[in-house]
Amino acid sequence: MSLHSRLLGTGSYLPERILDNQELSRMVDTSDEWIVARTGIHRRHLAAAGQGSVDMAYRAAREALAMAAVPASALDLIVVATTTPDQIFPSTACLVQARLGNRGAAAFDVQAVCTGFIYALATADHFIRSRAARTALVIGVETMSRIIDWTDRSTCILFGDGAGAVVLRADQEAGILSTHLHADGSFADLLQVPVGQGHLQMQGNPVFRMAVRTLGEIVQETLAANHMTARDLDWLVPHQANIRIIQATAEKLGMPMERVVTTVADHGNVSAASVPLALDHAARLGSFQRGQTLLLEAFGGGFTWGSALLRWTEE
Ligand code: COA
């Protein structure tokens with residue numbers, strides 16, 4: 001009997017403090033019109049002083065566990081995707097595990113920048129399908145505000161803070177149909193925190209072009225692997241970096257924007273947390289129906305890119 005990962009619950013957390021484009025335009029030489037036209041972003045959430053990735057991840061995890069009706073003690077795997085851990089070690093996963101009161105589950109972080117959640121989800125899915133784990137918590141969390149140069153108008157307008165989480169359990173019903181991961185480290189210097197510096201640097205235009213091309217390819221790879229066409233997809237749940245990148249991918253798939261989950265206007269780019277935040281947002285609105293097919297995709301620093309095809313199994 002083959003086993004699959006079934007998605008039992010989702011959760012998310014956004015910090016209270018909202019920084020809108022008007023306020024940003026008083027900090028750097030930019031405008032609401034420019035930011036909205038080039039990115040689709042209106043506002044983003046920022047962690048409070050003293051609040052970090054562990055705190056946000058814990059809150060998202062609690063919500064996901066509650067929806068799944070799974071006690072933290074039942075988890076045997078915790079994978080956290082983050083580029084912005086509060087500490088170099090212990091891992092965010094271990095610190096969240098302690099806050100949740102779980103003891104003994106395998107717990108570790110993965111680092112694939114904006115593709116991090118897809119990498120973490122794929123990792124947990126492989127653990128479950130190979131019977132190395134039965135019940136997994138997968139979290140994407142970022143405190144991007146800590147690595148942003150707030151005087152650089154070309155990057156500080158883009159990012160926000162937050163966390164999203166899912167609970168997976170081994171089941172005969174899928175769940176996760178397939179996952180696809182890729183990277184090409186030769187592009188490292190286009191999007192990075194350089195050695196010895198604490199701030200993100202990006203060459204926005206080449207990153208934009210590469211993201212559009214690569215995401216177009218990975219959605220086709222995912223469909224081909226599942227012998228599907230774009231008509232078999234009910235929802236696209238993309239990484240939320242820029243509405244123009246999202247629209248370009250949807251257009252290549254021939255998907256109307258009503259079938260695309262977009263949270264970029266309110267969240268900005270929350271890196272590894274973007275996809276699970278969007279997923280939880282739409283799940284709690286009741287957007288997904290049992291049996292529907294969801295394509296999750298992301299692109300990020302590294303470069304890294306990846307996708308996951310899901311069947312929604314909850315009522
Ligand atoms: N406000 C006003 N003007 C700005 C600005 C801002 N916040 N940021 C940059 N500009 C200016 C630039 O200085 C440039 O001026 P110039 O023509 O006088 O030199 C002009 O706007 C165009 O800059 P450019 O970088 O070519 O704009 P763009 O259309 O590529 O948009 C991004 C910039 C960052 C919005 C876009 O490149 C992008 O979204 N890239 C991908 C980012 C991304 O997704 N990263 C994460 C991947 S996970």
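A: Domain bounds in this description come from an automatic or database domain assignment. On that basis, the chain of this predicted model is divided into domain 1 (4-171) and domain 2 (176-311).

Q: How far apart are the centres of domain 1 and domain 2, and how many residues does each give to the contact?

A: The centres, taken over C-alpha atoms, are separated by 15 Å. Domain 1 brings 54 residues to the contact, and domain 2 brings 46 residues.

Q: How should the area buried between domain 1 and domain 2 be read, and what share do carbon and sulfur atoms give?

A: Buried area is the accessible area that two parts lose on being put together, summed over both. Between domain 1 and domain 2 the figure is about 3,700 Å², with carbon and sulfur atoms giving 63% of it. On the domain 1 side, the residues that lose the most area to domain 2 are Cys114, Ile118 and Tyr119; together they account for 17% of what that side buries.

Q: Why can the ligand be said to lie between domain 1 and domain 2?

A: The reasoning rests on the shell around the ligand, where a residue counts as near if one of its heavy atoms lies within 4 Å. Both domain 1 (4-171) and domain 2 (176-311) give residues to this shell, so the ligand lies between them.

Q: Which helices and strands each supply at least two residues of that shell?

A: Four helices and one strand do so: α2 (32-39), α6 (153-156), α7 (204-225), α8 (243-253) and β12 (293-300). The largest share, four residues, comes from α7.

Q: How do the residues of the shell divide into nonpolar, polar and charged?

A: The shell holds 10 nonpolar, nine polar and four charged residues.

Q: Which of the 23 residues around the ligand come nearest?

A: Those that come nearest are Thr30, Arg38, Arg153, Asn205 and Asn242.

Q: How are polar contacts with the ligand to be read, and which atoms of Thr30, Arg38 and Arg153 take part?

A: A polar contact is a pair of N or O atoms within 3.5 Å. For Thr30, a polar side-chain atom lies 2.7 Å from a nitrogen atom of the ligand. Arg38 places an N or O atom of its side chain 2.7 Å from an oxygen atom of the ligand. Arg153 uses its backbone: a polar backbone atom is 2.9 Å from a nitrogen atom of the ligand. As for cover, the ligand on its own has 960 Å² of accessible area, and the protein covers 72% of this.

Q: Which peptide bonds are cis, as read from omega, and where do they lie?

A: One is the bond from Phe89 to Pro90, with omega near 0°. Pro90 is in the loop between β4 (77-81) and α4 (92-100). Another is the bond from Gly302 to Phe303, with omega near -10°. Phe303 sits in the loop between β12 and β13 (304-311).

Q: Where is phi positive in a residue other than glycine?

A: Arg131 has such a value, with phi near 65°, and is placed in the loop between α5 (116-129) and β6 (135-143). Ser271 also has a positive phi, near 50°; its place is in the loop between α9 (264-267) and α10 (274-285).

Notes:
Residues are numbered from 1 along each chain as its sequence is written. This is a predicted model: local features need pLDDT of at least 70, side-chain atom pairs count only at pLDDT 80 or more; totals for chains, interfaces and linings use all residues. Side-chain values use heavy atoms; hydrogens and water are left out. A polar contact is a pair of N or O atoms within 3.5 Å; within protein, one must be able to donate a hydrogen and the other to accept it, and residues adjacent in sequence count only if both atoms are side-chain atoms. Accessible areas come from the Shrake-Rupley method with a 1.4 Å probe; for residues, only the protein chains shown count as cover. Ala, Val, Leu, Ile, Met, Phe, Trp, Tyr, Cys and Pro count as nonpolar, Asp, Glu, Lys and Arg as charged, and the others, Gly among them, as polar. Contact means heavy atoms within 4.5 Å. Buried area is the accessible area (1.4 Å probe) that two parts lose on being put together, summed over both.
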